[in-house]
Amino acid sequence: MGVLAGIRDAGAFQQGEPGSEVLQEIRSMGDRVRILAGKHTMNAFTDTGLEETLRERGIDTGVLAGLSTSVCVDSTARMAYEKGFRVKILTDCIAGRTPIEDEIYCAEIFPMYAELLTSSELLESVGAAAPAA
C-alpha cells in the first residue's frame, strides 16, 4: 500500500477534523497568510495554486517545515527548486519516520538543492526574536 492510499484509508488529514484547524498564531497574521486548500499529492504545488500565489506576491524563496521528511518535505522542496525558487528547510521543524531518515536527508540529500537552517537561525536572519521556551 502506498503512502497516499494509507492516508486515504485511515481518513487522515481531513478538513474540519481535529488537527486540521489553523493555529491561532497563524490566524492572527490576517491577510499576510493565505490558506491554499486542495493538497492531495506528496508535494504542495500540485493542484493548490501555490506557485501562482508565490509569483503573484513576488516571493522567490520558500521556507519548508512539516511531515514527512522523505516524502512531502522532499517532494515539495524539489518541486520548488525545479520551478526556480530558492529553498530553505528548517531542520528542527521536520520529522521523518525515523531519526535516521532525517539525518540522511539533512546530511546527504537536501544540501543538493536547499539551504538548511534551524527555526532560530531563520528568526535571527529576519530580525525576529525566537519565542520563549
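Helices here are DSSP runs of H or I with at least four residues, strands are E runs with at least two, and both are numbered from the N terminus. Hi everyone! What we have is a predicted model, in which local features need pLDDT of at least 70, side-chain atom pairs count only at pLDDT 80 or more, and totals for chains, interfaces and linings use all residues. Residues are numbered from 1 along each chain as its sequence is written, and side-chain values use heavy atoms, leaving out hydrogens and water.

Let's start with helix α4, residues 69-82. Just after α4 comes Gly 84, with a positive phi near 95 degrees. Several α4 residues are buried (under 20% relative accessible area, with a 1.4 Å probe and protein chains only), including Val 73 and Ala 77.

Now, the sheet. Strand β1, residues 61-67, runs parallel to β2, joined by six bridges; strands count as paired if DSSP finds at least two bridges between them. For instance, Gly 62 sits opposite Val 87 of β2. Going from β1 through α4 to β2, the chain makes a right-handed β-α-β crossover, meaning that with the strands pointing away from the viewer, the path from the first strand over the helix to the second runs clockwise.

On the other side of our story, β2 pairs in the parallel sense with β3, residues 115-117, over three bridges. That β-α-β crossover, from β2 through α5 to β3, is right-handed.

Finally, who does Ile 94 touch? Taking contact as heavy atoms within 4.5 Å, and not counting residues up to four places away in sequence, its partners include Leu 64, Val 73 and Phe 110. Thanks for listening!

Key:
The expected span of a helix is 1.5 Å times one less than its number of residues. Buried means under 20% relative accessible area, exposed over 50%, partly exposed in between (1.4 Å probe, protein chains only).
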